[in-house]
Amino acid sequence: KAIRAYSAVMGLGSVVLPWVLCLNDPKKYMRLLGPHLFLVMYQVILEAASSSWAKPVRLLVPIAFNSFRIPQLERWRGIVFDPYAPLTMSSAKDFGAFDKTFCIVSGVAWSLNLFAFLIPYVYTSMLDEKRRPPPADAAPPQGTGA
């Protein structure tokens, strides 16, 4: 349940809200959020395509995309907070408290996703034989009644 809620919140904050912002004011947001949205959409496609791959390899997909996303979020933060940012369509004076808060929350959420969830928990659990789920085609353990 907790992972579903976490995934729903991350999906809302990293896909739905950026798309709404970009569609609402494309001139202001598309160059700012475009790289992030591209990475998220491409990650979704690649995760769907990699469903038959070995689990440790499949886990490298979100880890790699999160690793690429962190510099994009840093670029976003620089544009939103720096009045002299090299973005021709917008400057820091064009971004209000909501934009700045959304920028910081996104950076923190994606950093935590990578460094506090994906790498230490998910990846290590897939490498740990005791915590790894059995393959789908494996016979059930003896004495379980299945």
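Tryptophan 76 and phenylalanine 102 are both buried in this predicted model. Their rings form an aromatic pair of the edge-to-face kind, with 5.4 Å from centre to centre and 70 degrees between the planes. Tryptophan 76 belongs to helix H3 (residues 55-81) and phenylalanine 102 to helix H4 (residues 97-127), so this pair ties together parts of the protein that are 26 residues apart in sequence.

Phenylalanine 102 also takes part in a second pair, with phenylalanine 98, and here the arrangement is stacked, the centres being 6.0 Å apart and the planes 10 degrees apart. These two phenylalanines are 4 residues apart in helix H4, and so about one helical turn separates them. Their surroundings can be described through their accessibility: phenylalanine 98 has a relative accessible area of 46% and is partly exposed, whereas phenylalanine 102, at 9% relative accessibility, counts as buried because the cut-off for that class is under 20%.

A search of the whole structure finds 5 aromatic pairs. Elsewhere, ring pairs join Phe38, Tyr42 and Phe65 into a cluster. A further ring, that of tryptophan 110, has the charged end of arginine 69 sitting over it, at 4.0 Å from the ring centre.

**The overall fold**

The protein contains 4 helices and 0 strands, and the pattern read along the sequence is α-α-α-α. Of the 146 residues in the protein, 30% are buried. Among contacts with a separation of 6 or more, 58% are made by residues that are 24 or more positions apart.

**How the helices pack**

Helix H1 (residues 2-24) packs against helix H2 (residues 26-49) at an angle of about 150 degrees, and the axes of these helices are 8 Å apart. Angles over 145 degrees count as roughly antiparallel, and H1 and H2 are therefore roughly antiparallel to each other. The crossing that H1 and H2 make is left-handed. On the H1 side the residues that meet H2 include Ser14, Pro18 and Trp19, while those on the H2 side include Tyr29, Leu33 and His36.

Helix H2 packs in turn against H3, at an angle of about 170 degrees and with the axes 9 Å apart, and these two helices are therefore also roughly antiparallel to each other. Among the residues of H2 that make this contact are Leu33, His36, Val40, Tyr42 and Gln43, and among those of H3 are Phe65, Asn66, Arg69, Leu73 and Trp76. Histidine 36 is thus named both where H2 meets H1 and where H2 meets H3.

**Individual residues**

Histidine 36 is found in helix H2, and at 5% relative accessibility this residue counts as buried. Not counting residues up to four places away in sequence, histidine 36 touches Ser14, Pro18, Arg69, Leu73 and Trp110. Arginine 69 and tryptophan 110, both in that list, are the residues whose charged end and ring were described above.

Asparagine 66 lies in helix H3 and is buried, its relative accessible area being 1%. Leaving aside neighbours within four places in sequence, asparagine 66 is in contact with Gln43, Trp110, Asn113, Leu114 and Leu118. Tryptophan 110 therefore appears among the contacts of histidine 36 and among those of asparagine 66, because each list names this residue.Serine 67, which is also found in helix H3, counts as partly exposed at 39% relative accessibility.

The table gives the separation along the sequence and the C-alpha to C-alpha distance for a pair involving each of these three residues.

| Residue | Partner | Separation in sequence | C-alpha to C-alpha distance |
|---|---|---|---|
| Histidine 36 | Leucine 73 | 37 residues | 7.4 Å |
| Asparagine 66 | Valine 40 | 26 residues | 9.0 Å |
| Serine 67 | Tryptophan 110 | 43 residues | 9.4 Å |

Leucine 73, the partner of histidine 36 in the table, is also one of the residues that histidine 36 touches.

Definitions and conventions:
Residues numbered from 1 in each chain as written. Predicted model: local features only at pLDDT ≥ 70, side-chain atom pairs only at ≥ 80, totals over all residues. Heavy atoms only, no water. Phe/Tyr/Trp six-rings, centres within 6.5 Å; stacked < 30°, edge-to-face > 60°. Buried < 20%, exposed > 50% of the residue type's maximum accessible area, 1.4 Å probe, protein only. Lys NZ or Arg CZ within 6 Å of the ring centre and 35° of its normal. Axes fitted to C-alpha atoms, helices over the stretch in contact; angles between N-to-C directions. Parallel < 35°, antiparallel > 145°, perpendicular 65-115°, else oblique. Left-handed = near helix turned anticlockwise from the far one by under 90°. Contact = heavy atoms within 4.5 Å.
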